[in-house]
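Hi,

Here is the structure I promised to pass on to you. Have a look at it first, and then read on for my notes.

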Amino acid sequence: MEYGKTKRTWSYLQPPAAYGLPPCECDNANIQWSEYVGHLWCEKCQKDFVPAHGGIFDGPIPARLAALMGARFDRVILETGKIERFDVDTGQYKAAAS
Ligand SMILES: [Zn+2]
């Protein structure tokens with residue numbers, strides 16, 4: 001029996017590698033967010049996979065530090081395509097002025 005997968009409702013704007021997530025086992029580092037929560041997508045293997053570790057998400061995320069290192073937590077709401085900006089000062093998302 002297959003484990004149920006939850007569909008992602010939003011995804012970060014930056015690719016998984018920007019958050020220290022590992023490449024696919026085929027060594028393709030150009031991975032994408034899977035349409036499923038907790039999974040990544042390898043275009044080369046055409047498959048969803050669970051990454052070996054969670055990159056920066058494995059620890060408490062020091063948002064300010066991550067921001068200094070160039071990681072952004074802005075996200076896109078998949079259903080609407082709307083962008084939400086992550087405010088490192090408040091720790092909250094708000095709709096981007098477009
Ligand atoms: Zn692969």
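Q46 is exposed, as 7 other C-beta atoms lie within 10 Å; on this scale exposed means 12 or fewer other C-beta atoms within 10 Å of the residue's own, buried means 20 or more, and partly exposed is in between, with C-beta atoms placed from the backbone. Its place is the loop between strand 3 (40-42) and strand 4 (47-49), where strands are DSSP runs of E with at least two residues, numbered from the N terminus. The phi of Q46 is positive, near 55 degrees, although the residue is not a glycine.

Before going further, please keep in mind that this is a predicted model: local features need pLDDT of at least 70, side-chain atom pairs count only at pLDDT 80 or more, and totals for chains, interfaces and linings use all residues. Residues are numbered from 1 along each chain as its sequence is written.

D27 also caught my eye. This non-glycine residue has a positive phi of about 80 degrees, and D27 sits in the loop between strand 1 (10-12) and strand 2 (32-33). D27 is exposed, with 8 other C-beta atoms within 10 Å.

Now for the sheet. Three strands make up an open, antiparallel sheet in the order 2-3-4. Strand 2 and strand 4 are at the edges with a single partner strand each, so one side of each has no neighbour in the sheet. Strands count as paired if DSSP finds at least two bridges between them; strand 2 and strand 3 run antiparallel and are joined by two bridges. Across from Q32 is W41 in strand 3.

Best wishes

Note on methods
Helices (H or I, at least four residues) and strands (E, at least two) are DSSP runs, numbered from the N terminus.
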